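These are my notebook entries on what I looked up, beginning with a pocket and ending with aromatic rings.

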Amino acid sequence: EIISQFTEDAYAKEDRICDRPVCRAKIRKGDPCFYVATIEPGQPGRNVCAPCYSHYKKNPATSVRPTRRAEQLRPFASAQGSINDRVAPDMRAIQQSVNAAQRKLTINPPPVVAMPRRTAGPDIMIPTSWQGPSWQGSSQSTGSSNGPIGYSSQHALYATERERWAKISYATPPAETILIEISAVHEGGGRKKRGVPIGNICEGKKGIDAQIDAPGLIELALDTIMPKLQIFGGGFLWRMNEFIVQDSAWVDLSNHRRSVAYFYDQCQQPSRKGSKTTTFKSKQFALMVIVPETQWIEYENWREDTEMVRVYLTLDLESELDTAPTNDGATTSDNVPSNILPTTAVTTSTKRSHQHTHSSSSFDIPSPPRKRDVAPAALCSPDRDRLKEVLRIGGGTNLDMKQVFGRQSERIHFYLVPSRPITDLLLDKYHSFSVDTAEWSMGELIVDTSPQGLIGVGGFKTAHTGWLTLMAPPKIGPGSVAHDKIVVKRPYHKVFATPTTTTGPYKIARYSLVDEISRLFKEANVLYWAKSLLKLTYDFIDRCVASSSEPPPFPIPRVRFVEGGLALAYLQGDRKPRGKTGSTRAVFLLEEFIDSDGEDFVKFIHNMDANPLIDYDEYGYDLAVFFSFTQHIQYAKTGKLAFISDYQGSTTLLMDPQILTHPSVSDGRIDIFGDGNIETTVSQFEKEHICNEYCKWPAFGLEAY
């Protein structure tokens with residue numbers, strides 16, 4: 001790749017993601033952002049972060065086109081006058097410097113031609129690494145210490161190359177794009193099964209140029225899969241040059257011609273029935289990175305060797321703990337022979353074998369070292385009555401089939417609800433929670449729908465125990481670890497015995513998919529805004545406390561809302577005869593599991609009042625008073641427009657908040673932050689709110705109500 005000469009020292013105008021597939025780091029507004037153009041004409045380049053830019057510059061296959069003139073010439077130009085008045089370099093000195101550089105086996109410089117008067121083109125500096133001792137003497141005699149100036153024959157093409165790369169650098173993104181699902185498999189599995197999936201390694205790519213050719217697809221697939229494969233394989237050294245990239249029809253992409261769009265023809269469809277003209281229609285395609293069978297066998301052998309060495313080291317450590325110290329204070333123990341350490345240079349047989357070649361010489365793996373003979377501990381028999389009770393319980397336990405069949409597995413896309421400052425929410429793309437701007441990952445969700453897995457039934461949602469595993473886990477929140485225990489929530493409505501009945505026994509019924517998605521997106525959006533307003537509150541408190549000459553006469557509680565997100569579940573196989581595989585079938589609200597350690601769940605403030613819901617002598621009253629104070633801050637800092645209500649949860653973690661807004665915000669609409677938005681609570685805040693000790697502290701400067 002070639003780094004464009006027009007975008008060095010550039011900065012991001014807005015938050016964006018690094019385009020390098022193996023990085024995908026967030027580039028914040030104002031941070032360095034560099035454009036890297038591809039070597040293929042017509043292909044769009046990448047906007048990358050500073051570390052990736054340094055990586056490309058260090059790559060031997062990268063050439064840099066600098067934008068600035070050589071700054072070393074500026075002192076020379078100011079001292080000697082205009083560029084055209086410079087003294088011609090010494091030809092003999094140039095020849096000596098070139099010969100000296102070649103004798104030192106340095107990088108051979110291009111042929112240098114002296115230019116007595118330069119009329120066009122850039123300033124070209126001869127690098128100091130090409131200059132020998134003979135040049136230093138000559139440069140002093142000519143009155144310049146900056147080195148000779150000249151051109152090679154390649155500089156005649158500078159203007160043409162500059163214009164060509166300028167067009168590529170500012171090319172608009174492709175309008176015709178496709179979606180690609182990339183997975184990793186290894187050869188094997190019998191005749192009918194062409195490949196066996198490797199773990200859960202699979203990632204989707206959207207917005208791919210439909211004109212991409214086979215080499216581009218190969219590079220994209222390898223850049224996407226290799227980081228995940230390296231994590232999966234631990235310390236195993238994969239040989240990427242042996243991998244094969246194939247499409248869903250098992251066609252090897254390496255045999256396809258370069259510069260010919262691979263999937264584009266498949267996206268062309270008749271514009272209307274019976275018409276010969278075609279139009280482009282985006283589609284989803286699949287690519288597989290194939291690990292050869294021989295290399296996969298090597299990996300499995302390496303994994304067995306690694307496990308064997310781990311066991312050997314464990315046994316050896318136990319033996320070492322029993323050894324007696326020698327005269328010099330050291331303990332005697334057997335070291336692990338170096339020839340049993342695992343290595344990737346294993347057998348090259350095409351069939352699985354348990355005989356491995358670990359080095360150039362054959363050997364027999366020694367048996368684990370024997371422990372020193374020690375006096376056996378006294379054998380204590382278990383209590384008979386206790387053992388009898390355990391045998392009765394353990395031997396008579398029956399399998400709970402409802403719990404087993406109640407576990408529901410879902411293939412999902414998980415979208416984490418982010419935490420953003422209120423200033424970011426003022427930007428157009430961050431006004432509300434959206435799957436387009438949220439961090440997301442593919443994964444698997446397991447929901448325990450059995451009665452034992454039911455955590456509770458609220459007024460609008462049910463909560464079940466679940467476990468989440470994501471392919472690209474976030475740093476915090478649900479799915480940050482494998483098989484993460486979480487809470488799975490879904491909305492419901494009550495179905496009574498008769499349509500006119502509103503009390504008594506009822507059944508739980510689910511909403512239609514459209515209504516369910518709408519309701520849970522509103523729940524996620526409320527959490528999105530609540531996290532932002534709570535952050536605004538603590539920023540205000542911290543700034544006032546830091547600027548005050550006296551510390552506050554009360555402690556400042558620290559709480560937060562639970563981390564959560566939306567999970568969109570998709571149809572798998574022929575689950576529904578009329579359903580299309582891969583289409584959305586359900587949506588879940590996932591939240592981190594709260595281990596309360598016996599702490600009660602408390603509702604501190606209701607959405608119909610701006611004062612504590614609990615009484616003075618009840619548990620959590622002090623925290624409820626603080627939450628009432630936070631509403632006062634939010635009311636003042638938002639210009640009397642909004643604040644958080646429905647504070648509920650534990651003394652450290654809150655859940656299921658509600659955003660209340662002034663009637664002027666909704667302007668007659670009924671769907672602003674859901675049905676729980678009681679607007680009169682905000683319009684009557686100054687009359688209903690009772691200021692407490694937090695509100696009255698002078699350092700906060702809040703208006704008293």
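I looked up the second largest pocket of this predicted model, and its volume came out at about 1,200 Å³. Of the 43 residues that line the second largest pocket, I noted F460, K461, E523, Q648 and D656 as the closest to its centre.

I then asked which elements supply that lining, and found that β17 (454–457), β18 (461–470), β19 (484–491), α11, β24 (584–592) and β27 (648–649) each give at least two residues. The largest share is that of α11, which contributes six residues to the lining of the second largest pocket. Sorting the lining of this pocket by class, I recorded 15 nonpolar, 14 polar and 14 charged residues.

Next I turned to the aromatic rings, where the count of pairs comes to 36. I took up Y415 and W440 as one of these pairs, and with ring centres 6.1 Å apart and planes at 25 degrees I entered it as stacked, because planes under 30 degrees apart count as such. Y415 belongs to strand β15 (residues 407–416) and W440 to strand β16 (residues 440–448), so this pair ties together parts that are 25 residues apart in sequence. Are the two partners buried or exposed? Y415 counts as buried at 10% relative accessibility, whereas W440, with a relative accessible area of 35%, is partly exposed.

I also looked up F433 and F521, an aromatic pair that I noted as tilted, with 6.0 Å from centre to centre and 45 degrees between the planes. Since F433 lies in the loop between α10 (422–425) and β16, and F521 in helix α11 (residues 513–547), the pair ties together parts that are 88 residues apart in sequence. For accessibility I wrote down 7% for F433, which is buried, and 24% for F521, which counts as partly exposed. The helix that holds F521 is thus one I had already met, as α11 supplies six residues to the lining of the second largest pocket.

Following the ring pairs further, I found that they link Y538, F540, F554, F604, F626, F627, F629, Y647, Y694, W697 and F700 into a cluster.

My last entry concerns charges over rings. I noted K485 over the face of F593, at 4.4 Å from the ring centre, and the charged end of K494 over the ring of Y506, at 4.8 Å from its centre.

Methods
Residues are numbered from 1 along each chain as its sequence is written. This is a predicted model: local features need pLDDT of at least 70, side-chain atom pairs count only at pLDDT 80 or more; totals for chains, interfaces and linings use all residues. Side-chain values use heavy atoms; hydrogens and water are left out. Rings of Phe, Tyr and Trp (its six-membered ring) pair if their centres lie within 6.5 Å; planes under 30 degrees apart count as stacked, over 60 as edge-to-face and the rest as tilted. Helices (H or I, at least four residues) and strands (E, at least two) are DSSP runs, numbered from the N terminus. Buried means under 20% relative accessible area, exposed over 50%, partly exposed in between (1.4 Å probe, protein chains only). A charge sits over a ring if NZ of Lys or CZ of Arg is within 6 Å of the ring centre and within 35 degrees of the ring normal. On a 1 Å grid over the protein atoms alone, a cavity is a set of points where a 1.4 Å probe fits but cannot get out, and a pocket is an open set with protein on both sides within 12 Å along at least five of seven lines; lining residues have an atom within 4 Å of a point. Grid points are joined across faces, edges and corners, and a volume is the space filled by probe spheres set on the points. Ala, Val, Leu, Ile, Met, Phe, Trp, Tyr, Cys and Pro count as nonpolar, Asp, Glu, Lys and Arg as charged, and the others, Gly among them, as polar.
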